[in-house]
Amino acid sequence: MVMPGAHPDSFPNTGGLDFSGATYMVPMSALLGVAIASMVIGRLSDKVGRKPCILFCLYGTVVGCILKYLFRFSFWPYCGFNFLNGLVSASVPVALAYAGDVNETKREKDAEIGVLVGVSMLGSAGG
């Protein structure tokens, strides 16, 4: 995807970055957005509620994925929308807090949080 001309879906150019830099820039832009959002989303979900935050993250991710698709042939706009998509992809911390809120026993909390983290890792690994 980041090697110009290697595949029909490749970027026409990588905006001045070499292959290695471009390969790291694409996932880093999303992870930077997630890291920033993770610092804010917990306190925000305490104030406005868990459900509105999770729904905002889910709807924002849908919009972000559509924008990434529309700009898939332009490297820097793609990275920018990937970053914005990362900003609204911080639903896992809210889901973990929600699991802690709704389960009464420590065993139930641990089991549900384990499932949520496992599914999140599986989704990250699967793309």
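Tutor: Take a contact to be heavy atoms within 4.5 Å. This is a predicted model in which local features need pLDDT of at least 70 and side-chain atom pairs pLDDT 80 or more, while totals for chains, interfaces and linings use all residues. Residues are numbered from 1 along each chain as its sequence is written, and side-chain values use heavy atoms, without hydrogens and water.

Student: How many helices are in the protein?

Tutor: Read along the sequence, the protein follows the pattern α-α-α-α-α. Helices are DSSP runs (H or I, at least four residues), as are strands (E, at least two), numbered from the N terminus. The protein has zero strands, and its helices number five.

Student: What box do the C-alpha atoms of the protein fill?

Tutor: The box is taken along the principal axes of the protein. Its rough dimensions are 55 × 25 × 20 Å.

Student: What share of the contacts in the protein with a separation of 6 or more comes from residues 24 or more positions apart?

Tutor: The count starts from contacts with a separation of 6 or more. Within that set, the share from residues 24 or more positions apart is 60%.

Student: What share of the exposed area do carbon and sulfur atoms supply?

Tutor: The protein exposes about 8,100 Å² (Shrake-Rupley method, 1.4 Å probe). Of this area, carbon and sulfur atoms supply 70%.

Student: What percentage of the residues in the protein is buried?

Tutor: A residue is buried at under 20% relative accessible area, exposed at over 50% and partly exposed in between (1.4 Å probe, protein chains only). The protein has 127 residues, and the buried share of them is 24%.

Student: How many disulfides does a search of the whole structure find?

Tutor: The test is a pair of cysteine sulfur atoms within 2.5 Å. Over the whole structure, the number of disulfides found is zero.

Student: Why is there no bond from Cys57 to the closest cysteine sulfur?

Tutor: The closest cysteine sulfur to that of Cys57 belongs to Cys53. No bond joins them because the two sulfurs are too far apart, at 6.6 Å.

Student: Which cysteine has the nearest sulfur to Cys79?

Tutor: Cys79 is in no disulfide. The nearest cysteine sulfur is 15 Å away, in Cys65.

Student: Are Cys57 and Cys79 buried or exposed?

Tutor: Cys57 has a relative accessible area of 2%, so Cys57 counts as buried. Cys79 has a relative accessible area of 4%, so Cys79 counts as buried. For Cys57 and for Cys79, the word is buried.
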